[in-house]
Amino acid sequence: MRRPRPARVRPDLHPRRALALGAVLVLAAGPVALAPARSAADSAAPAAAAPPAGDRGTQLYLEHCASCHGERGQGAQRGPSLIGVGPASVDFQVSTGRMPVSREVQQAPRRDPVFSAADISALVDHVSSFGGGGPKVPQVAPGNPGSGREIFAANCAPCHGATGAGAALTDGWVAPPLYDSTAVQVAEAVRVGPGLMPVFPNQVLDDRQLDDLAAYVQRLRDERLDRGGNPLGRLGPLAEGLVAWLAALGLLVAAARWLGRRAAE
Amino acid sequence: MITDRLARALDDRLRLSPLTRRALAKIFPDHWSFMLGELALYSFVALLLTGVYLTFFFDASNGDRVYRGDYAPLDGATTSAAYASTVRLSWDVRAGLLIRQTHHWAALVFVAAIVLHLARIFFTGAFRKPRELNWLIGVTMLTLALANGFTGYSLPDDLLSGVGLRILTSVVESIPLVGAWLAALALGGEFPSDAMIPRMFVAHVLLVPAVLVALISLHLGILVRQKHSQFPGPGRTEHNVVGSRLWPSYALRSLALFAWVLAVLFALGGLVQINPVWLYGPFEPAEATSPAQPDWYVAWGDGALRLFPPWEFRIAGHLVPGPLFPGVVLGGVTFLALYAWPFAERLRAKDRSAHHLLDRPRDHPVRLGVGVGALTFYAVLTVAAGDDIIARLVRVPVYDLLSLFRVLVLVLPLLAGLLAFLVARALRRGDAAGIGELTRADLRRAAHRSIRPPGADSGESETPARDRSGERIEMWPEGDLWRWRYRDADRHLVITGSRAVLSEEEAASAARVAYPGVDRVVVPGPPPAPPPGPVRAALRGWGRAAAAGSLLLAALLNRRRDRRRQERERAEPAAPPETADKASTGGGRT
């Protein structure tokens, strides 16, 4: 009864996921085209290289971001500076729907992205024009989930849980569930370290390891891993105990009552 | 036929029939709450059945083993043999995952059924003399069930259970002076020791189950030896049992419950995932996972560890570590209190008499209040063990929840216990039939101390001293024997005595013991049997029709055969009479 080895295909290409995928493709191609030009321009005159105000990215930035992060990304009372955060950070925050937020929050929850893939890449370009370098959007290649599992257990499981279901951190922070993240978003989070998450630069996890890790996290959200039936949110023994009491014991006590009532007739 | 002869042969050699007859005639009360213990028993049977299958494939060793199988992320990884064989059981062994999950669900339901059974025994006072011994055995079985649950949870050597085992080891090590020695003795060395899995395996599949089987036998043996307890009611006294006989009615009902237990457990095992160890990964001392909880029945200990403030102090230079109080002291006090309760209650009430009639929970407000308070306390601790899960789901800072639970664990049990006490008193004093009918006046009256209407403490008397207008005992001769029955015309209740006796006087005295103060009359002949139910009537009708039909068919066939034989005889008139005789006998045999 060997099941066919599950291939690495995403089971359902939701329109939004398709959007995100499109964003990934655009982003994967974008930096390659931009890289030589930017290295040539260097960071000597970033303001000069900024696109004109009629640009889509500039327009979106001014509409949605500038009120908190400042017109040139210098930061303000309500939002941190964006200079030097890097394209990976901007892409992560916007493509997971965490930015823009309508009010100040400690930790923005994951939502559907507000912008289209093209808009996101325009925004990323605009913010990186503020200068300061920072991690690029990583290019994720297919990896080996086996070694990815070991990296995950050693580095990610303490906060996100071995099942990737997420867990509470200190001070009201939360390590979110990983089931909605794309491979690129996982890689971005690893390189950027959003929120309380530590940064894992290239010296700690090289690109091969990052590919393996992203492959394992993609694997983790696969429903075929819940081979035993309903996973109960992968919340662990207490959820199972609740089911044992409410479903199993409830049914059995009802059965005993029924049998007892029939006997008394 | 064969079973009959086998039974006869066995009886000739072992003289089983007196024993069997007595056992089969044992009366069990019909109330459903008496079946809660059976739920635990049948879960245990399911545990044994599924556990045997698991031992065929489980490799109880800490040694290295390379997993090769269908679960790709672990394919080719070197883990402990225990973990690798558990993943193999879950992904590569036929029906392995179903049996493994059913085993785990059965363990959860087993302990839950024990707790329910314990609550029933406690609140109805079924632990009183002469049943203290069975109470002690039952509490011992609860501790063994917890121990075996924990070892079973730890055996797969996955990351989650390894974290739990680490915590338990630390709790044992927190005992001053002897803790570290005890832990080293149990594990055969420092914490992640090589002897850990084999030792837990032997305890899990051999030692504890053997003791459990012995104690269950003793538990049931004492139950059979003693009369079954029962709730008070019409016709029920300290000296009789009203209910169904073991054979056939109660045995069938019990088997039906067994089928229910198996059905529910296997349905859960097939449909709801439990303990996905392949996702958790193998245990490595340097790794951890979060959120980490134990199975529900030890979660109260985990919750206590989370809630208890980190107090540490030194006595004569010896550190008394923080986990000692919530870990060791609380567990010890819990089980000591359970063991001691029947004796404490007997001392307090100065009640040395035997009780076969149960209390209703309301009859004993103090006991009810203490029990409800204790259950609330452990329930809050169990919920507190999941504080990190709750914090993530409702997005509340985990330390705020912790403070909230610290208050709740002290306040809520007191409130719940007090409320239960008041409701019980109000129910006992007033004339409301249930909680729904209680009025505010009832509750207000319950809050006062000394009002005691007459008849408030009538729970101890043998029979409710109500008017007995419709009740009577009917006795009648049946051949050489006498039988009797109790009849309550108002309640349409008829209870027939289970034993026939030799004389009218014996029947009268038996009825007097069971129903003192009820009039006895001799009635002519056996009273008519109750009208059969629709199914039985239909079955009986069909049976009669089938019997009549087959008789008719047999008669027709016979006639045809006779006619043929006569024709044959007519056709061969020369045949001698002996051969004709032979033919007829031969025909009769076919």
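Here are three short exercises on chain B of a predicted model.

Residues are numbered from 1 along each chain as written, and chains are lettered from A and ligands numbered from 1 in the order written. Local features need pLDDT of at least 70, side-chain atom pairs count only at pLDDT 80 or more, and totals for chains, interfaces and linings use all residues.

**Exercise 1.** State how far apart the C-alpha centres of domain 1 and domain 2 of chain B lie.

Solution. Start with the bounds, which come from an automatic or database domain assignment. Domain 1 covers 32-292, domain 2 covers 374-451 and domain 3 covers 471-522. The C-alpha centres of domains 1 and 2 of chain B are 30 Å apart.

**Exercise 2.** Check the span of helix 16 of chain B, then locate its kink.

Solution. Helices (H or I, at least four residues) and strands (E, at least two) are DSSP runs, numbered from the N terminus. Helix 16 of chain B has 32 residues, 398-429. The expected span is 1.5 Å times one less than the number of residues. That gives 46 Å; the end C-alpha atoms are 45 Å apart, which agrees. The kink is about 35° and centres on Leu408(B). Bend here means the angle between axes fitted to the seven residues ending at a residue and the seven starting there.

**Exercise 3.** Find the edge strands of the open sheet 9-8-7-10 in chain B.

Solution. Strands pair if DSSP finds at least two bridges between them. The sheet has four strands with mixed pairing. Strand 9 (493-496) and strand 10 (520-522) of chain B each have a single partner strand, so they stand at the edges. Strand 7 (residues 471-478) of chain B runs parallel to strand 10 of chain B, joined by three bridges. In this pair, Ile473(B) stands opposite Arg520(B).
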